[in-house]
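Biologist: Please take a close look at one part of this model for me, and show me how it fits with what surrounds it. I would like the overall picture to lead into it.

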Amino acid sequence: MVFMALIVKIEELDPRLPKELKKNLGGENALKCFQCGSCVATCIVSRVDPRFNVRVLIKRAVLGFKDVLKDPLIWVCSTCESCIEKCPQGVKPYELLLAIKNLAVKKGFFPSFIEKILEEVCRHGRIYEINEFINWDREEQGLPPLKEEVKPPSKVLDLLKVVS
């Protein structure tokens, strides 16, 4: 059997990260995870892409590895919530992953597609432009027509300040 040593540089760690995580909605149960792997065993994304391992992402965050906030894999979760149903500790891995994403966004780390979504919200007041087809479809469903809103929500403007 071969054992590999993992050398960690102190600069790669942020001791505040686990505390920040616990303060975020979804991060309250972060330290309850005992790494059983039930979340990964039930994860449909892990079956398609073995690089996505929610257990490892959680462990990296709990240990304070700063790079987890920049890891593109945190954005791959399908949000099926099957990990929540299987977790024996009630950690709610999906919600914990959301807390990790929220921290990442607060620190200005997110994929370019998120920035594009924010731009659309600033341009149209939502993630898509309201057009005749949208309102026709709404009318068919008995819903009132929507008007184009050009004033983006203040939270979006705050996020764009982080990006700039």
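Modeller: Happily! Buried residues make up 37% of the 164 residues in the protein, where buried means under 20% relative accessible area, exposed over 50%, and partly exposed in between (1.4 Å probe, protein chains only). This is a predicted model, so local features need pLDDT of at least 70 and side-chain atom pairs count only at pLDDT 80 or more, while totals for chains, interfaces and linings use all residues. Residues are numbered from 1 along each chain as its sequence is written, and side-chain values use heavy atoms, with hydrogens and water left out.

The secondary structure comes to 9 helices and 0 strands, counted as DSSP runs numbered from the N terminus (helices are H or I with at least four residues, strands E with at least two). Let's settle on helix 6, which covers residues 93-106. Its 14 residues should span 20 Å at 1.5 Å a residue, and the end C-alpha atoms are indeed 20 Å apart; the expected span is 1.5 Å times one less than the number of residues. Because 10 of those 14 residues are buried, helix 6 is largely enclosed by the rest of the structure. The buried set is Pro 93, Tyr 94, Leu 96, Leu 97, Ala 99, Ile 100, Lys 101, Leu 103, Ala 104 and Val 105.

Now the chain leading in. Val 91 lies in the loop between helix 5 and helix 6 and is buried, with a relative accessible area of 3%. The C-alpha atom of Val 91 is 8.3 Å from that of Glu 28, although the two are 63 residues apart along the chain.

Glu 28 turns up again on the surface, where Glu 28, Glu 81, Glu 85 and Glu 95 gather in a patch of negative charge. Such patches take residues with over 30% relative accessible area and no salt bridge, joining like charges within 9 Å and nonpolar side chains (Val, Leu, Ile, Met, Phe, Trp, Tyr) within 5 Å. One member, Glu 85, sits in helix 5 (residues 82-86) and is exposed at a relative accessible area of 67%.

On the way out, Gly 108 takes a positive phi of about 85° just after helix 6. In the same stretch, the side chains of Lys 107 and Glu 20 meet in a salt bridge at 3.3 Å, N to O (a side-chain nitrogen of Lys or Arg within 4 Å of a carboxyl oxygen of Asp or Glu). Glu 20 lies in helix 1 (residues 17-23) and Lys 107 in the loop between helix 6 and helix 7, so the pair ties together parts that are 87 residues apart in sequence. Both ends are partly exposed: Glu 20 has 22% relative accessibility, and Lys 107 has 35%.

That contact belongs to a wider set, as the whole structure has 5 salt bridges. Another one joins Arg 60 to Asp 71, the closest N and O atoms being 2.8 Å apart. Arg 60 lies in helix 4 (residues 54-63) and Asp 71 in the loop between helix 4 and helix 5, so this pair ties together parts that are 11 residues apart in sequence. Arg 60 and Asp 71 are buried, and together with Asp 67 they are linked in a network of salt bridges.

Key:
Accessible areas come from the Shrake-Rupley method with a 1.4 Å probe; for residues, only the protein chains shown count as cover. Lys and Arg count as positive and Asp and Glu as negative; His and the chain ends are not counted. The place of a charge is taken as NZ of Lys, CZ of Arg, CG of Asp or CD of Glu.
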